[in-house]
Amino acid sequence: MSRLNLLEETRYEKLPVTVYPDSGSASRAVAKRIADLIRRKQSKGETTVLGLATGATPVKVYAELIRLHKEEGLSFANVVTFNLDEYYPMQPDAAQSYVYFMKEQLFDHIDIDMNNVHIPNGTLAQEDIAAFCLAYEQKISAYGGLDLQILGIGRTGHIGFNEPGSAPNSGTRLVTLDDLTRRDAAHDFGGKENVPTKAITMGIGTIFKAREIVLMAWNRKKAGIIKKAVEGEISSEVPATYLQLSDHVEFVLDEEAASELTRFDTPWEVKDCVWDEALIKKAVIWLAKTLKKPILKLTEEDYNNHGMAQLATERGPVYNINIHIFNKIQHTITGWPGGKPNADDSQRPERALPDVKRAIIFSPHPDDDVISMGGTFIRLADQGHDVHVAYQTSGNTAVWDEDVLRFTEFAIDYAKARGEDASVQEQAYEDMRKFIEVKQPNQPDTLEIRNIKGLIRKGEAIAGARFAGLPDENIHFMALPFYDRQKTSRKVSFEDDIQQTMELLRQVKPHQVFAAGDFADPHGTHKVCFDIILEALKRLKGTEEWVDDCWLWLYRGAWHEFEVHEIEMAVPLSPQEVERKKLAIFKHQSQKDLPVFPGDDAREFWVRAEERNRETALAYDQLGLAEYEAMEAFVRYKF
């Protein structure tokens, strides 16, 4: 690509951006940059001064630096580090502290002199913080300033803990954390109420003095804030936009984090495109939504005025393009998610044959099935398919401690009502009550408590699946081991999870597999569960003939929904089906009112699902298609 073309393609970007296929390759590139700097300064007998970040973003960078140290002799003997921030108050040996994080992720595995490591002190008396912060700045200056500062970015646009409202010349100081920042940290602390409200952070002015600044961001969750930071106006509301003023900054992104930048999201606005079917569909839907016009009313002038003249010229006349895309969207709509028997399926999203399909709905948590695709679940059962549901994890993390005591009290009272000895239950109850009274934030529950929480969710899931029309023998509780393992270990093998999934798939031999494709859940459980299913199917593909005729459909709904241009099957729901879906969700009583981990959305799960399904139907209606009460959406994943 010529420099002129590159400048045109990136003209909305106000600072340098490098995009890698994935976080692994990006992290290795950043680690190499750090290693090259260390070695270059070592050769001159000079000290390297690094500004380091915490959180999930730099973990792979640190892992690669450890590998370079152990396998390629990279020494950190001449390295001095200054960390960006620390929660306040925070004990250094707490699992959530950044001292603990840095030791576990980097310092304990390399030859750095710990006297050269500097991390803000979360144990200070509040009256001593100002003097500490001044001394922190002076130490950085005494070493000649930071050679290289690495950064992540929070969803508020914060860098370090410089939240919205931070000044561009701010120094190291005590700050109050934004509510969204605390919600994002809730999982690590066992709930937002346990996340400190304050932190000590390097200021934006301190960061700016670094000779090089590298901001990293991975995954689609960061795409929206990256677009604001890179293409938006400079504003204290998005502190990362101040980096646009630096001549020494580079954003290093994976493809998902970069996905909302103009050159990737709406490339027709900045360059000539190779117009394949997927891009044409996306562009035409974007144009209709931008102009608030049905697809069949879009004109050549509309195309020309919005960067789509090339498409009009190459594939026009535009009315033919409109009809083609309108028909493609219309063909995604089906009331037969298992395929319509004795029908021409050439224009339908699912195959007509076999008439009765074996289907497995994999549900990461015990309620994702009915929340995300409850209407389709019910319809598949109503239409006579052999439907199975597989609850991949116990979901025991998301049950309140009070519910454990309440259910145990019921068990005691029920045993006594039957004239039975309840002493065992009573002792267990006392042990659990004592544990809960002194339980620390994010402390793993005892096995007894985990089991009861799992049973609570199992009972709810059985009620929901029965309501959807499933016989008990088609309801499978997998309780994959990784779910509880991750509570006590950061390094977890998934081999037994994969083997268990393969065994269930062999047993059912499904024509359809439905899996959660919504990876925005606070725990990351959905992504892990999907990866397990995918690996299981890939392994079986080589030995099991039925896999060649097995289609994998992704659903969303609990956290986000697919965009219209992504949807390959849209199942419309009548008002009565919307009500049936809601009643199925209501069976999950422990998740009603206020779930333990609600995420960013304050609405109850049934409200989210209902409103998102209606929003999908409205989006179809606004494009000029039939008006439905609600729709559930699916994307087929080719493996």
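## A walk through the model, starting at two strands

Select strand β11 (residues 358–363) together with strand β12: these two run parallel and pair over six bridges. Two strands count as paired when DSSP finds at least two bridges between them. Strands here are DSSP runs of E with at least two residues, helices are runs of H or I with at least four, and both are numbered from the N terminus.

Before you go on, a word on what is on your screen. This is a predicted model, so local features need pLDDT of at least 70 and side-chain atom pairs count only at pLDDT 80 or more, while totals for chains, interfaces and linings use all residues. Residues are numbered from 1 along each chain as its sequence is written, and side-chain values use heavy atoms, with hydrogens and water left out.

**Stop 1: around β12**

Click on Phe362; which residue is its bridge partner in β12? That's Ala390. Now add helix α15 (residues 368–382) to your selection, and you have β11, α15 and β12 forming a right-handed β-α-β unit. Right-handed means that, with the strands pointing away from you, the path from the first strand over the helix to the second runs clockwise.

Next, bring in strand β13 (residues 475–477), which pairs with β12 in the parallel sense over three bridges. Look for Tyr391, whose bridge partner in β13 is Phe477.

Why is β12 (residues 386–391) largely enclosed by the rest of the structure? Because five of its six residues are buried. Buried means under 20% relative accessible area, exposed means over 50%, and partly exposed is in between (1.4 Å probe, protein chains only).

**Stop 2: the loop between α14 and β11**

Step back to the loop between α14 (318–330) and β11, and pick Pro354 there. A cis peptide bond joins Leu353 and Pro354, with omega about -5°. Pro354 is partly exposed, at a relative accessible area of 27%. Try a distance between C-alpha atoms too: Pro354 and Asn342 are twelve residues apart along the chain, and their C-alpha atoms are separated by 9.8 Å.

Glu350 sits in the loop between α14 and β11 as well. Is Glu350 buried or exposed? Buried, with a relative accessible area of 2%. Show its side chain and that of Arg351, and you'll find a polar contact of 3.0 Å joining them. (A polar contact is a pair of N or O atoms within 3.5 Å; within protein, one must be able to donate a hydrogen and the other to accept it, and residues adjacent in sequence count only if both atoms are side-chain atoms.)

For another cis bond, go to the peptide bond from Gly316 to Pro317, where omega is near 5°. Pro317 is in the loop between α13 (309–315) and α14.

**Stop 3: two lysines with positive phi**

Select Lys292, in the loop between α11 and α12 (300–304). Lys292 isn't a glycine, yet its phi is positive, about 55°. It counts as exposed, at 74% relative accessibility.

Then jump to Lys509, in the loop between α20 (495–508) and β14 (512–516). Phi is positive at Lys509 too, about 50°, although this residue is not a glycine. At 36% relative accessibility, Lys509 counts as partly exposed.

**Stop 4: a pocket and a cavity**

Show Lys289, Val564, Glu615, Ala619 and Gln622: of the 15 residues lining the second largest pocket, these lie nearest its centre. Helices α11 (277–291) and α23 are the elements that give two or more residues to this lining, and α23 brings the largest share, six residues. The pocket's volume is about 350 Å³.

Pockets and cavities are found on a 1 Å grid over the protein atoms alone: a cavity is a set of points where a 1.4 Å probe fits but cannot get out, a pocket is an open set with protein on both sides within 12 Å along at least five of seven lines, and lining residues have an atom within 4 Å of a point. Grid points are joined across faces, edges and corners, and a volume is the space filled by probe spheres set on the points.

How many cavities of 30 Å³ or more does a search of the whole structure find? Four. To see the second largest, select its lining, including Leu573, Trp606 and Ala630. About 50 Å³ of space lies inside this cavity, and α22 (575–586) and α23 (605–622) each supply at least two residues of its lining.
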